[in-house]
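Dear colleague,

I am passing on to you the structure that follows, together with its sequence. Below it I have written out what was found, so that you can follow each point on the display as you read.

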Amino acid sequence: MTHLRPLHYAGLALLCLVGILAVAQYQRATLELTETQIIETYAARYLDTHQDAKRTDCRARPAPVKTTRMVVICGPEPFDAARHYEYHVGPLGGLITQHGPADWATKTPLAPRDAA
């Protein structure tokens, strides 16, 4: 039977402390980034898509999956498949996936359900 020595306990304690600090830093980073900042970031990206794009065409809604923080939806109302974009954003504001006009033949946009 193997017994843990005091040095093993110190190593385990240090490993646990590093893990706790990493989780705390991650949570702090997600709290510092506001949802408005995220929407503004992706609205700026949308403005580059075509000349008629307006910042006010963008809005956000909660993500349908827990691994995504929100979905920023940009496009005119009513839904126009040729000018509709969706940006699925991660917890720290990074882009997970983007859907645009070329994707609507195979993907279902959130906007038609969002328009109600």
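A search of the whole of this predicted model turns up four aromatic pairs. One of them joins Tyr46 and Tyr85, whose rings meet edge-to-face, with 6.0 Å from centre to centre and 65° between the planes. Tyr46 belongs to helix H2, which covers residues 35-47, while Tyr85 belongs to strand S3, which covers residues 85-89, so this pair ties together parts of the chain that are 39 residues apart in sequence. Both Tyr46 and Tyr85 are buried.

Phe79 and Trp104 form an aromatic pair that is likewise described as edge-to-face, with 6.5 Å centre to centre and 70° between the planes. Here the two residues sit in loops: Phe79 lies between strand S2 (70-74) and S3, and Trp104 lies between strand S4 (95-99) and helix H3 (111-114), so that the pair ties together parts 25 residues apart in sequence. With a relative accessibility of 35%, Phe79 counts as partly exposed, whereas Trp104, with a relative accessible area of 12%, is buried. Ring pairs also link Tyr42, Tyr46, Tyr85 and Tyr87 into a cluster.

The residues of that cluster lead on to the nonpolar interior. The largest nonpolar core has twelve residues, among them Tyr42, Tyr46, Tyr85 and Tyr87, and also including Ile38, Met70, Val72 and Val89. Helix H2 and the strands S2 and S3 each supply at least two residues of this core, and H2 gives the most to it, with four residues. As a general background, nonpolar side chains in soluble globular proteins tend to be buried together. If you would like one residue to start from, Ile38 touches Leu33, Arg69, Met70, Val72, Val89 and Gly93, leaving aside residues up to four places away in sequence.

Turning to charged side chains, the count comes to two salt bridges. In one of these, Glu40 is paired with Arg55, and the closest N and O atoms are 2.8 Å apart. Glu40 lies in helix H2 and Arg55 in the loop between H2 and strand S1 (58-62), so the salt bridge ties together parts that are 15 residues apart in sequence. Glu40 is partly exposed, at a relative accessible area of 36%, and Arg55 also counts as partly exposed, at 37% relative accessibility.

A salt bridge is also formed by Glu77 with Arg59, where the closest N and O atoms are 3.0 Å apart. Since Glu77 lies in the loop between S2 and S3 and Arg59 in strand S1, this pair ties together parts that are 18 residues apart in sequence. Arg59 is partly exposed, with a relative accessible area of 22%.

As for the overall arrangement, the protein has three helices and four strands, and from the N terminus on its elements run α-α-β-β-β-β-α. The four strands form an open sheet in the order S1-S2-S3-S4, with antiparallel pairing. S1 and S4 stand at the edges, each having a single partner strand, so one side of each is left without a neighbour in the sheet. From one strand to the next, the twist averages 20°. Helix H2 lies across S1, S2, S3 and S4, and runs at about 40° to S2.

Within the sheet, S2 and S3 pair in the antiparallel sense over five bridges, and the bridge partner of Val71 in S3 is His88. His88 is buried, with a relative accessible area of 12%. Leaving aside residues up to four places away in sequence, the residues that His88 touches include Thr68, Met70, Val71, Leu95, Ile96, Thr97 and Leu110.

Two values for the protein as a whole may be helpful to keep beside these details. Of its 116 residues, 27% count as buried. Among the contacts between residues at least 6 apart in sequence, 40% join residues that are at least 24 apart.

With kind regards

Terms used:
Residues numbered from 1 in each chain as written. Predicted model: local features only at pLDDT ≥ 70, side-chain atom pairs only at ≥ 80, totals over all residues. Heavy atoms only, no water. Phe/Tyr/Trp six-rings, centres within 6.5 Å; stacked < 30°, edge-to-face > 60°. Buried < 20%, exposed > 50% of the residue type's maximum accessible area, 1.4 Å probe, protein only. Core = buried A, V, L, I, M, F, W, Y, C linked by side-chain atoms within 4.5 Å. Contact = heavy atoms within 4.5 Å. Salt bridge = Lys/Arg side-chain N within 4 Å of Asp/Glu carboxyl O. Pairing = 2+ DSSP bridges. Axes fitted to C-alpha atoms, helices over the stretch in contact; angles between N-to-C directions.
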